[in-house]
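Colleague: I'd like to learn how to read a model like this one. Could you take me through it, feature by feature?

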Amino acid sequence: AFIVGDNCIKCKYTDCVAVCPVDAFFEGPNFLAIDPVICIDCSLCEPECPANAIFQEDAVPEDQIEFIELNAELAHNWPVITEVKPAPADADKWNGVPNKLALLQR
Ligand code: SF4
Ligand code: F3S
């Protein structure tokens, strides 16, 4: 499966959901999560993310390994999202800021 990593937090551009053929994205207040059971590893979402926040689970950066389990957990708690919506007004300001996990809203 693919997973969403740290840089999505507070960026949440949602371009990724437009290309997912199986509706694997789930929406929280300031982050999206992929349900690894639904994801069919098509890889279409990865290049769509302006924040480069999507990784194949075998290629997740070492410091974001915990996002693998976090995606599975959050995807089960949140509603599905299938349509692109406007990013937060300050998304570009947060794009590239490292280690935003403490800012994740559930
Ligand atoms: Fe959806 Fe494909 Fe991305 Fe998995 S890899 S979340 S199936 S677009
Ligand atoms: Fe997040 Fe990138 Fe999608 S910022 S909402 S994973 S396009």
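Modeller: Happily! Helices and strands here are DSSP runs, numbered from the N terminus, with at least four residues for a helix and at least two for a strand. Keep in mind that this is a predicted model.

Colleague: Which pattern does the protein chain follow along the sequence?

Modeller: The order is β-α-β-β-β-α-α, which comes to three helices and four strands. The radius of gyration is 12 Å, close to the 13 Å of the globule rule for 106 residues, so the protein chain is as compact as a globular protein of that length. Along the principal axes, its C-alpha atoms fill a box of roughly 30 × 30 × 25 Å.

Colleague: How do I judge confidence before going into detail?

Modeller: Where pLDDT is low, predicted coordinates should not be read in detail. In this model the mean pLDDT of the protein chain is 98, and 100% of its residues reach 70 or more. The scores for the model are ipTM 0.99 and pTM 0.98.

Colleague: What share of contacts, among those between residues at least 6 apart, join residues at least 24 apart in sequence?

Modeller: That share is 81%. For a single pair, take Cys42 and Pro21: they are 21 residues apart in sequence, yet their C-alpha atoms are 8.4 Å apart in space.

Colleague: Now the interior, please. Which residues of the largest nonpolar core touch the most other members?

Modeller: The general idea is that nonpolar side chains tend to be buried together in soluble globular proteins. Here the largest nonpolar core has 26 residues, and Val4, Cys8, Cys16, Phe25, Leu32, Ala33 and Ile34 touch the most other members. At least two residues of this core come from each of E1, H1, strand E2 (25–27), E3 and helix H2 (66–77). Phe25 is a good place to look: leaving out residues up to four places away in sequence, it touches Cys16, Val17, Cys20, Leu32, Ile34, Val80 and Ile81. Over the whole protein chain, buried residues make up 31% of the 106.

Colleague: And the ligands? Which residues come nearest to ligand 1?

Modeller: Phe2, Cys20, Cys39, Cys42 and Cys45 come nearest, out of 13 residues around ligand 1. That shell divides into eleven nonpolar residues, one polar and one charged. Around ligand 2 there are 14 residues, with Cys8, Tyr13, Cys16, Cys49 and Ala51 nearest. Its shell holds ten nonpolar residues, one polar and three charged.

Colleague: Where does Cys42 lie, and why does it count as partly exposed?

Modeller: Cys42 is in the loop between strand E3 (32–34) and strand E4 (54–56). It counts as partly exposed because it has 13 C-beta neighbours inside 10 Å, while the exposed class stops at 12.

Colleague: How should I read backbone angles?

Modeller: Most residues other than glycine have a negative phi. Thr14 has a positive phi of about 70 degrees although it is not a glycine, and Asn99, also not a glycine, has a positive phi near 55 degrees.

Colleague: Is Thr14 buried or exposed, and what about Asn99, buried or exposed?

Modeller: Thr14 is buried, because 22 other C-beta atoms lie within 10 Å; you will find it in the loop between strand E1 (2–4) and helix H1 (15–19). Asn99 is exposed, with 11 other C-beta atoms within 10 Å, and sits in the segment after helix H3 (91–94).

Conventions:
Residues are numbered from 1 along each chain as its sequence is written. Chains are lettered from A and ligands numbered from 1 in the order in which they are written. This is a predicted model: local features need pLDDT of at least 70, side-chain atom pairs count only at pLDDT 80 or more; totals for chains, interfaces and linings use all residues. A residue is near a molecule or strand if its C-beta atom, placed from the backbone, lies within 6 Å of it. Ala, Val, Leu, Ile, Met, Phe, Trp, Tyr, Cys and Pro count as nonpolar, Asp, Glu, Lys and Arg as charged, and the others, Gly among them, as polar. A residue is buried if 20 or more other C-beta atoms lie within 10 Å of its own, exposed if 12 or fewer, and partly exposed in between; C-beta atoms are placed from the backbone. A nonpolar core is a set of buried Ala, Val, Leu, Ile, Met, Phe, Trp, Tyr and Cys residues joined through C-beta atoms within 7 Å. Two residues are in contact if their C-beta atoms, placed from the backbone, lie within 7 Å. The radius of gyration is taken over C-alpha atoms; the globule rule is 2.2 Å times the number of residues to the power 0.38. pLDDT is the predictor's confidence in each residue, from 0 to 100.
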